[in-house]
Amino acid sequence: MGTILEVKNLKKYFPTPRGMLHAVDDVSFSLEEGKTLGVVGESGCGKSTLGRVILHLLERTEGTILYNGADISSPSKQELKQLRRQMQIIFQDPYSSINPRMRVADIIGEPMKIYKTCSSREEYDRRVAELMDTVGLAQRVADVYPHELDGGRRQRIGIARALSLDPRFIVCDEPVSALDVSIQAQILNLMQDLQEERGLTYIFITHNLSVVRHISDDICVMYLGKLVEKCSAKELFQSNLHPYTKALLSAIPRPKIGGTPDRIILKGELTSPINPKPGCRFAPRCLYAKPECFQREPELAEVRPEHFVACHRVKEVNGL
Amino acid sequence: MNEMNDILLEVKDLAIEYRTRKSLVQAVNGISFQVPRGSTLGLVGETGAGKTTTALGIMGLIPVPPGKVAGGEILFQGEDLLQKSPAEMRAIRGKRISMIFQDPMTALNPILTVGDQICEVIRLHEKLSKHEAVAKAKEMLELVGIPGERYGEFPHQFSGGMKQRVVIAIALACSPMLLIADEPTTALDVTIQAQVLLLMNNLKKELGTSMILITHDLGVVAETCENVAIMYAGEIVEMGTLEDIYEHARHPYTRGLFDSIPDLDVEQDRLKPIAGLMPDPSALPVGCSFAPRCPYRTAACEAAPVGSTQLSPTHCVRCVRAGELAGGKEGGQA
């Protein structure tokens, strides 16, 4: 299958009273149709902003976004409306992303009303019922309000709404982070089934590394607006190369006795993304930083086939 | 002097309910557990399992009404906390038992400096002059890895991880014997969580504090706790040492929890979620509350409440079929 989405040198800066906040800084990647790209990173790394800029929920500062080969970097209002049919988003918080004053069936059906995709009331009702079936919502909840439902069911509403226009591409922004583990597993399985049945392409944004490994084909690791490592999910967990990825993976507590490998404890915290200093953004916390890391910014380079890393010292650190 | 293996806290048949106009919610349903001196008990469960209510019950912080402790005993150093007057409880809270809340963003007072907030608890419980209290507060900040000069700063000037350190400093300021930590790292990023867990583990060792760690994260439990209690719908369904739970789990819910977590080190095609949802706490089933979701349920499970079975001196489980299921897959295995 072909490339559905390509992002080149994408930047999103926010002006703040203290200077330019570099939320997404020079990010490039491409995504094959029917695959899942995981985007991981900690709070403030720009992963949600990236998803929103791709969907034009935020306007990019610079860079190119290609969808099916066509440049959609600055679409007209008409073009954007058509694009939205194909590109959808599922939000993190099922409590605040749906209108509490609408009934479940109306929330799910609203996009179809806006786009007038149904020719009759019967077709509309049938489509809503189908969507509810697809995501595993019982028909009896069609007329209830969201506050009567738990988080897992609300997230199913969000998924049904995103699917209502038959999109090809969905940005999933932390879709399971607000859910309990047993419910989280139900939703992840549902999303995988939907992908197989409909050939959907996902960008899956999360801070949860075990979830991202499970669902993704490829993974991008972000740190302060920058892509620091990108490779297949398998490779990332077996032979990651960037010092930040190593620290991030070692920081996750494993649910096994003695299951956690030797932990790399990072010193300090995220530095400010406002007017970042030259050099590698991770250098102030990096165990391997050398003077050159503070002077020159590392480029994302293909260190192994299909494995990209932005680190000056990647060879020494990994003994390559 | 008490020996190290003494029981610091013993909870017996604790029941806590909330009465609303329409219904009676049994949030905690006759739970019993012990916390030996110097050890950490992990209280694990999903949203609504009654973990936080249990903690608030021990602290004497259940809002009455609508809440009510409906029965049981909470023996702390042999004294029943439920028999204490509000004034006596105020003297215990913050001094002998303290609590760390989940969200460091809301646990701190935004218009007081962090130093004054640490001072407040010290001055309340210890007879120190203002000057001595300030010195002690600075010492506490240093202990949790914050430079003492930041005493005069306000919470908004700190990041999430730093705020949680301040909360820990407040909780430990009067060297409590028991620390109740309610999801202390849930709001933090993993690399910051790693720092805070390391800090808590070191302080626990240094100060000999006993701890109840409330969490839904089985990974965090594996790193910090000696004993684990799994809660479901207001009951402890399984309890034992870390090894009992992680390597010899018997209860279908415990196993389901482990199966629900995507494994970081092994590739899986599909996850094995627990079917269904947590029961409505105002209309709990007559029998085992997990029965409606349980793949192993029998008529006996739904007929009558299930008692606790002692499998070994440390390991107990609340399941009719615990004996039969022993040969099955072990929950904690990779």
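Three salt bridges run between chain A and chain B in this predicted model. One of them brings the side chains of Lys256(A) and Asp263(B) together, at 3.6 Å from N to O. Polar contacts also cross the boundary: 13 residue pairs, with both partners at pLDDT 80 or more. On chain A, the elements giving two or more residues to the side that touches chain B are helix H6 (181–198), helix H7 (209–215) and helix H8 (233–238). H6(A) puts in the largest share, ten residues. Sorted by class, that side of chain A holds 15 nonpolar, ten polar and 13 charged residues.

What about the interface as a whole? Here 38 residues of chain A are in contact with 45 residues of chain B. The two chains bury about 3700 Å² between them, and carbon and sulfur atoms give 55% of that. Lys256(A), Ile257(A) and Glu269(A) supply 17% of the area that chain A buries against chain B, more than any other three residues. Lys256(A) therefore turns up twice, since the salt bridge to Asp263(B) also uses its side chain, a nitrogen within 4 Å of a carboxyl oxygen being what counts as a salt bridge.

Now for salt bridges more broadly. Over all chains, the count comes to 25. Here are three that stay within one chain.

| Pair | Closest N to O distance |
|---|---|
| Glu297(A) and Lys226(A) | 2.3 Å |
| Glu316(A) and Arg313(A) | 3.4 Å |
| Glu17(B) and Arg19(B) | 3.8 Å |

Take the pair Glu297(A) and Lys226(A), with 2.3 Å between the closest N and O atoms. This one links distant parts of the chain, 71 residues apart: Glu297(A) sits in the loop between helix H10 (291–295) and strand E11 (301–304) of chain A, while Lys226(A) belongs to strand E10 of chain A. Lys226(A) is buried, at 14% relative accessible area, whereas Glu297(A) counts as partly exposed at 30%. In the second pair, Arg313(A) is buried, with a relative accessible area of 13%. The pair in chain B joins a buried residue, Glu17(B) at 14%, to an exposed one, Arg19(B) at 52%. Elsewhere, salt bridges with shared partners tie Arg126(A), Arg127(A) and Glu130(A) into one network.

Is helix H9 (residues 243–250) of chain A enclosed or open? Eight of its eight residues are buried, so the helix is largely enclosed by the rest of the structure. Among them are Lys246(A), Tyr244(A) and Pro243(A). The neighbours these buried residues pack against come from both chains: H7, strand E9 (218–223), strand E10 (226–232), H8 and helix H11 (314–318) of chain A, along with helix H7 (190–207) of chain B.

On to the strands. Chain A has an open sheet of four strands in the order E2-E1-E4-E5, with antiparallel pairing. Strand E2 (19–32) and strand E5 (70–71) of chain A are at the edges, each with a single partner strand, so one side of each lacks a neighbour in the sheet. Two bridges hold E5(A) to strand E4 (residues 62–67) of chain A, and Tyr67(A) has Ala70(A) as its bridge partner in E5(A).

In chain B, strand E6 (residues 97–100) runs parallel to strand E7 (residues 178–182), with four bridges joining them. Ile97(B) is partnered by Leu178(B) of E7(B). Ile97(B) and Met99(B) point one way from E6(B), Ser98(B) and Ile100(B) point the other way, and all are buried.

Notes. Residues are numbered from 1 along each chain as its sequence is written. Chains are lettered from A and ligands numbered from 1 in the order in which they are written. This is a predicted model: local features need pLDDT of at least 70, side-chain atom pairs count only at pLDDT 80 or more; totals for chains, interfaces and linings use all residues. Side-chain values use heavy atoms; hydrogens and water are left out. Contact means heavy atoms within 4.5 Å. Buried area is the accessible area (1.4 Å probe) that two parts lose on being put together, summed over both. A polar contact is a pair of N or O atoms within 3.5 Å; within protein, one must be able to donate a hydrogen and the other to accept it, and residues adjacent in sequence count only if both atoms are side-chain atoms. Ala, Val, Leu, Ile, Met, Phe, Trp, Tyr, Cys and Pro count as nonpolar, Asp, Glu, Lys and Arg as charged, and the others, Gly among them, as polar. Buried means under 20% relative accessible area, exposed over 50%, partly exposed in between (1.4 Å probe, protein chains only). Two strands pair if DSSP finds at least two bridges between them.
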